[in-house]
Amino acid sequence: MPEEKRIILKYADEPGYTRDIDCYLEHGGYEVLRKSYKLKPEDIHSEVMDSGLRGRGGAGFPTGLKWKFLDRKSGKPIYLICNADESEPGTFKDKQIIHKDPHQLIEGMMISAYSIQAKQAFIYIRGEFFDGARILEEAIEEARAKNFVGDNILGSNFSCDLVVHRGAGAYICGEETGLIESLEGKRPYPRIKPPYFPAVLGLYQSPTIVNNVETLCNVKHIVEMSGKEFAKIGTPGNTGTRIWCVSGHVQKPGYYEFPCGGLTMGEMIHDLCGGLLPGRELKAIIPGGSSAKVLKADERFSGKLKDGTEFDWSIWDIPLDFDGPAAAGSMSGSGGIIVMDNSTDIVQALSNINAFYAHESCGQCTPCREGVQWMRKVTRRMCAGDARKDDANLLLSIANQIEGRTVCAFGEAAAWPVQSFIEKFKDEFEDYPANGSVSSETGDKQLV
Amino acid sequence: MTHLENAMQLSKETLDKIDARVEKYPVKRSAALPLLHLIQEEKGYVPEEAIEWIAKRLELEPINIYEIVTFYPMLKRSPMGRKHVRVCRTLSCALRGGYQVCKTLQEQLGCKLDETSANGEFSIEFVECLASCGTAPVVMVNDEHHENMDDEKTVALCRELKKTSA
Amino acid sequence: MSENGNGKKELVEIFVDGQPVKVLPGINAIEAAKIAGKEIPHYCYHPKLSVVGNCRMCLMEMGTPMRERETGEPILEEDGSQKIGWIPKPVIGCSTNVSPGMHIKTESDLVKDCREGVMEFLLVNHPLDCPICDQAGECSLQEYAMDYGRGYSRYEERKNVKPKRTRLGPRVTLDDERCVLCSRCIRFGQEIADQDVLGFVDRGSFSTLTCHPNKELDHNYSLNTVDICPVGALTSTDFRFKMRVWFLKESPSICTESSIGANTTVWSREGVIYRITPRRNDAVNDTWMTDSGRELFNQVVADTRLTSFQIGGNSADPTASIKEATGLLSKGRTAVVASCHQSVEEQFITRKIADHLNSSVYIARHFGKGDGLLLSEDHTPNTRGAFLNGLTDSLPTEDLSSLAEKIDSEKVDTLLVCREDLTRVGLSEAQLEKVKLVLLDTQTSATASHADVLLPALTVFEKNGTFVNLNFRLQKFSQAVPGPAGLLPDTLILSKILSTLTGESFPDSPATIWKSLSQSNSKFKGIDFSSIPIDGIQLEKSAFDHIDFPEKQSLKYSPAAITG
């Protein structure tokens, strides 16, 4: 059975480990901060570049490259924002870090802030994490008292304060420019890019870096072990560890940290998560949060990887890293794996997902605002017993009219589930009886 | 604007917190959402007067606050039950029985979905993914998370909630 | 961007659907395509507001010339032409600023699909209101649906219901179901009118435009939101349900509210004016005007309108009246009261009359509050015309006290008064009793009741002419409706008076008057009335740099430093 490699979650679930700074310090906390403040900011950036670290929020964008785009010459203050708005369905990894090891995040942030020479740093945390916000604020005060946060950190002439800012129940605040608008006190409408790339025109129209919780924690470990050592973990282009979250129809749902590519989907589900529920068979897996395209149980995935090697996988063979699920036509996204067994009414499952996106659409741009709600109304009608044969094609057509046409990636996030569900389960959609929902007969649980 | 100040009575504690919070941001407007949270913490919801009060406090227009208070589901413009129950309805929780949990809660607490119970004690609403999918189904009561809510645990929770009510 | 020796910006060459076209660098693709003769449909983009890119109607394809990464050398196709790297996803035109060599496609299959998609989405929750909607005939939704829509909708679910008849303010009514959430009105309030009262509430497809309950959209520019609303969501309460726009004739005119001289369009049908909207002029008013300026057309049918020629208080015919007037003026010790409300042509003839009679010319000021935007501190449209015509060489005074004195000392016993109520500029009714009074005006007044000869005049909507605005811009206004039966244009009346006085015929229409004007007045040299462009002519203004004009900073005007 593959073994977890806990770097980020090393101490989080250790018995006796507590959130306070004293415990953190006992475990070597803030030593890396001290180390990094003796380096030059550019050196830290080099380490991050060498490490090959990719964002852990969902897009997988190389972190070093993101920092490179930062406009350091504008004369405007630079801001660092930690995206702790974890709202992607199926994802619950940042929650662990925030609630169990908050100082790791703070240390990672203060190292990053120093590297990008940020004037002020923010943690945008989702409103539903009441405890999380309290925990972070307490931790920040503890850190401030020891000169790790605030004025003249560690006696240097670098000052940077850290502010916790709570959201209030909007998934779109996880989109970096939506987050920035929300932080500015406005409706969280994502900005058009170009020209509003956060690295140039971000918070208060100043250069800003937005990074995920897990990404910022990794910065600490990169500086600790060096970028090159970090790059040895995982595989080329997929370096470091990732925390995978598994939920749905498995015996032991939960979170597990592995080197990228360190295990396959099959190993995760069968070995780590105890397999499917008794007497059930797999129907589908969503590998990276509800935005990711769904994978069908009996699908085969084949083609050529980036390095030229050929692959031919079943769903169980897919390696869990960035490139694996991508090669299989989906994405690793936020690392939220949702497992659906054969008790699942697939039309209801899509209807559930559509309801999520319809509720969360900010309404700024036409295709998402109207199209996502339309798709929701169609699947709701289908589940209410009035399904029509053409609904499958209609849904597909609407999704195709949304993808690539919107201000932000929410359009894709809402369109991909519809496209993939319909594509892979077309028969079920077309055969969905026009009178009477099937859920009570074949479905295990009500999904709508 | 005196009538507004009289209408909007906030405790000194809240006012101090508001002052401290506004100080944290280079631009005052950023404090809009935090101030809405602080007022909702004290009052249990965001009263209408609060919108103009916050606008004035941050040198904004009332529409600027009105725009955001209606955007975020966590901000309530009328009082909820003293114990507000949020049930996650997104896929992972639904796959493990979230909808059944909601039904049980309604039956046990004597309160319909999206309503407040007659005695003002409970209110129930569906919310989207609460980022605890590994311990689905998940429910929140005020600011506490309750996980792995199977039928038994749900009934036990309801018993607890009804016990501590007046 | 580089400038050539003349200080003009160098144009750059881009390709629109394969056709090369030279445009100013940095303009967006919508404007560039327009120059190339192609329309890129759009809702939320407006040339005078910030770019938000939320309607997605202007989606197009964009590509740039491909170059080798290291050397920068162009990559070529097999046939030797420059290889274009097309961006796989469509991009919005409003936020794509042109760069040299850029290629855009406005007519590909992808673009067609994007437009059909967006159109379909816009109509998903849009009510079937065309039969009762004021916007019909000038509605972007209708036009683009015809030009770029699929022609049918596949939507069979229920449409969202929203408030349908909200009073946003005293002059604007809102129908939320029709709103396409382009946010033009919100941006206008924030960026131009400086009254931030509009915003979106709720979320997703339930997003609704609204005003905070305790506020109103009541500033003096509220009707501009109606102009820029691409659909029938924001409508003018005054114009609502009054007339279908395709029956209306459009006449270009100039607002007479103040010296800004906002360019307007007067909409009329069969001699009745229904509304006034701003006309774009980037040198004067962009695409805006005041609400109060629009209401000026009410004077056309006001109860106070003077509708008949009168001699001694009795109706008379025009010829007799003019003859009587001329007689009085030639016999008496005459003074002439001109006005900054008169057009350039009318002022020209008035000056000539005064010269012939050897009379002094008096002219009063009508200054008031300005708003720093499109209402200036000078509430007349043609003060500078008075300067240019030599009616005055210093700022008009508030009171015509010197004239009052002359009347009291009996140095003046006859007055020709053009468009002025003397009782409001320092003269008493007793003084008016003392003199013979010939009055040329449109509305009744205290002065009118003392007139020995009453010559009813036409409003700006009923005649042709020009004004000179605060920037010394000469601008033309055109007749929109005929005046009340039997009335004559001011120029005709004044010309008749002049030619009777002098014994020589004198031009009596703006076109013919300008022949004389452009020859005799160097400031108007070389100008031909019929070829004055629709957006006006900038005149030389330095001769008046020493005048302390009252206007403060406004949209297109900065007060010059006083010299001399």
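Two residues are in contact here if their C-beta atoms, placed from the backbone, lie within 7 Å. In this predicted model, A:Tyr255 touches A:Phe92, A:Lys93, A:Gln96, A:Ile243, A:Trp244, A:Cys245 and B:Gly134, with residues up to four places away in sequence left out. A:Tyr255 sits in strand 8 of chain A, which runs over residues 254-259. It counts as buried because 22 C-beta neighbours fall inside 10 Å. From A:Tyr255 to A:Arg191 the separation is 64 residues in sequence and 33 Å in space, taken C-alpha to C-alpha.

**Confidence**

The model as a whole scores ipTM 0.96 and pTM 0.95. For chain C the average pLDDT is 95, and 98% of the residues score at least 70.

**Chain A**

Chain A holds 18 helices and 13 strands. Its C-alpha trace spans about 70 × 50 × 45 Å along the principal axes. The radius of gyration of chain A is 22 Å, which agrees with the value near 22 Å for a compact globule of 448 residues. Of the 448 residues in chain A, 60% are buried. If contacts in chain A between residues at least 6 apart in sequence are considered, 73% of them join residues at least 24 apart.

The largest nonpolar core has 330 residues, and the members that touch the most others are A:Met110, A:Met268 and C:Val438. Helix 13 of chain A (residues 346-360) gives the most to this core, with 9 residues. For A:Met110, the contacts beyond four places in sequence are A:Leu33, A:Phe148, A:Val149, A:Ile153 and A:Cys160.

**Interfaces with chain A**

Both chain B and chain C touch chain A; the table gives the make-up of each side.

| Side touching chain A | Nonpolar | Polar | Charged |
|---|---|---|---|
| Chain B | 22 residues | 8 residues | 5 residues |
| Chain C | 11 residues | 8 residues | 5 residues |

On the chain B side, 35 residues are in contact with 45 residues of chain A. Four helices of chain B each supply at least two residues to that side: helix 3 (32-43), helix 5 (62-69), helix 6 (91-95) and helix 7 (98-109).

On the chain C side, 24 residues are in contact with 27 residues of chain A. Helix 2 of chain C (residues 109-124) provides the largest share of this side, 6 residues.

**Helix 5 of chain B**

How many residues of helix 5 of chain B are buried? The count is 8 of the 8, so the helix is largely enclosed by the rest of the structure. The buried residues are B:Pro62, B:Ile63, B:Asn64, B:Ile65, B:Tyr66, B:Glu67, B:Ile68 and B:Val69. Their cover draws on two chains: it includes helix 3 and helix 4 (48-57) of chain B, together with strand 9 (198-201) and strand 10 (208-211) of chain C. Helix 5 also supplies at least two residues of the side of chain B that touches chain A.

**Domains of chain C**

Chain C is divided into domain 1 (12-107), domain 2 (126-301) and domain 3 (310-544). Between the C-alpha centres of domain 1 and domain 3 of chain C the distance is 53 Å.

How values were computed: Residues numbered from 1 in each chain as written. Chains lettered and ligands numbered in written order. Predicted model: local features only at pLDDT ≥ 70, side-chain atom pairs only at ≥ 80, totals over all residues. Nonpolar A, V, L, I, M, F, W, Y, C, P; charged D, E, K, R; others polar. pLDDT = per-residue confidence, 0-100. Domains from an automatic or database assignment. Core = buried A, V, L, I, M, F, W, Y, C linked by C-beta atoms within 7 Å. Buried ≥ 20, exposed ≤ 12 C-beta atoms within 10 Å, placed from the backbone. Rg over C-alpha atoms; globule rule 2.2 N^0.38 Å.
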